[in-house]
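Visitor: I am new to this structure and would like a close look at a single part of it. Could you take me to the surroundings of the ligand and then show me how the rest is arranged about that part?

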Amino acid sequence: MQGLPGDEDKHRKIHEHFEHGVPLHKGIETLPRIPLRDCELIVIDSEVPFYIRKRFYELLAAAYREMPYYPIGYDGTVDESQQTLFVLAQADRAVGFALFSLDSGCWRLRWVNEDKVEIIQESPDMDSRWKLGRIWLAKRFRRRGLGRELLLKATELIPVNLEEICIELPLTPDGKSFIRRVFPDMWYGRGDRDAFEGLLESS
Ligand SMILES: CC(C)(COP(=O)(O)OP(=O)(O)OC[C@H]1O[C@@H](n2cnc3c(N)ncnc32)[C@H](O)[C@@H]1OP(=O)(O)O)[C@@H](O)C(=O)NCCC(=O)NCCS
């Protein structure tokens, strides 16, 4: 309830996570860190022990709180989708992430204007392809080119050509502006009919 000291603490913590990122749990400091501008990248893949893989709950929760209608879908499970979480860290905080996994059923798309795309093939590509599930940065770290660099570094490490990845739909408003700049012409998107709502030239 608003006004109770416990609730105020909770709100302060939620706001701090949104603005500055989430404190890293114990155990994570032992993982290798790859320099990325004034931050570092920590790769959470199947090689990382499960007790560490599941310690990103609060980071994912911060992203989910901001975009509750856009599934994040990370649970640390090891399976054929090879879920890999690229965590952007600064000192003892996780300040962002990009979630990748293998998926199929991607559509080849092309921007027709600032806002809309057209589908340029008759059926989806059923080959397995690396997919960017979600990308999120704490507020203070946005619009500094870090999102783009996080994507470039993650694809370099996977490794996969940036142009070959597909993007999980629907896009948030930030996501649309970002993807429009990173992929100015053609790109792959994956989602059901609802996920294309408002994005297709005809809708
Ligand atoms: C989407 C997100 C990860 C982008 O990260 P970022 O570090 O801010 O992006 P960059 O600074 O690398 O942006 C690259 C270019 O994309 C465009 N862009 C990115 N975010 C934009 C926005 N909110 N509005 C307009 N253009 C934007 C700009 O052209 C930018 O270049 P510029 O700043 O030189 O003009 C970040 O805004 C975010 O975390 N948003 C909240 C979560 C979210 O919506 N995720 C997308 C899920 S689909």
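Guide: Here is a walk that begins at the ligand and then goes on to the rest of the protein. Please keep in mind that this is a predicted model.

Let us begin with the shell around the ligand. It has 21 residues, and those that come nearest are R142, G147, T172, G175 and S177. Three elements give two or more residues to this shell: β8 (129-137), α4 (146-157) and α5 (173-182). The largest share comes from α5, with five residues. Sorted by class, the shell holds eight nonpolar, five polar and eight charged residues.

Next, look at the loops beside these elements. R143 sits in the loop between β8 and α4. Its phi is near 55 degrees, a positive value in a residue other than glycine. R143 counts as exposed because it has 10 C-beta neighbours inside 10 Å, where the cut-off for exposed is 12 or fewer. After α4, the loop that leads to β9 (166-168) holds P159, and the peptide bond joining I158 and P159 is cis, with omega about -10 degrees. Between β9 and α5 there is another loop, and P170 has its place there. The peptide bond from L169 to P170 is cis too, with omega near 0 degrees.

Now let us turn to the nonpolar core. The largest one has 44 residues, and V87, L88, F97 and A98 have the most contacts inside it. Strand β5 (residues 93-103) gives the most to this core, with six residues. Take A98 as an example: leaving out residues up to four places away in sequence, A98 touches F86, L132, I135, L150, L151 and A154. In the loop between β4 and β5 you will find A91, whose phi is near 50 degrees, again a positive value in a residue other than glycine. A91 counts as exposed because it has 11 C-beta neighbours inside 10 Å.

Helix α3 (residues 57-66) is another good place to pause. Its residues L59, L60, A62 and A63 are buried. Seen down the axis of α3, these buried residues fall within an arc of 150 degrees, so they line one face of the helix. They pack against α1 (5-20), β1 (22-23), β4 (84-90), β5 and β8. Strand β8 thus appears here as a packing partner of α3, as well as among the elements that give residues to the ligand shell.

For a look at another place, find W107 in strand β6 (residues 107-111). W107 is buried because 20 other C-beta atoms lie within 10 Å, and the cut-off for buried is 20 or more. Apart from neighbours within four places in sequence, W107 is in contact with I119, Q121, P124, Y188 and G189. The C-alpha atoms of W107 and S177 are separated by 19 Å, and the two residues are 70 residues apart along the chain.

Finally, step back to the whole protein. Its secondary structure comes to five helices and ten strands. The C-alpha atoms fill a box of roughly 55 × 40 × 30 Å along the principal axes. The radius of gyration is 17 Å, which agrees with the value near 17 Å for a compact globule of 203 residues. Buried residues make up 29% of the 203 residues. Among contacts between residues at least 6 apart in sequence, 66% join residues at least 24 apart.

Key: Residues are numbered from 1 along each chain as its sequence is written. This is a predicted model: local features need pLDDT of at least 70, side-chain atom pairs count only at pLDDT 80 or more; totals for chains, interfaces and linings use all residues. A nonpolar core is a set of buried Ala, Val, Leu, Ile, Met, Phe, Trp, Tyr and Cys residues joined through C-beta atoms within 7 Å. Helices (H or I, at least four residues) and strands (E, at least two) are DSSP runs, numbered from the N terminus. Two residues are in contact if their C-beta atoms, placed from the backbone, lie within 7 Å. The radius of gyration is taken over C-alpha atoms; the globule rule is 2.2 Å times the number of residues to the power 0.38. A residue is near a molecule or strand if its C-beta atom, placed from the backbone, lies within 6 Å of it. Ala, Val, Leu, Ile, Met, Phe, Trp, Tyr, Cys and Pro count as nonpolar, Asp, Glu, Lys and Arg as charged, and the others, Gly among them, as polar. The arc is that of the directions from the helix axis to the C-beta atoms.
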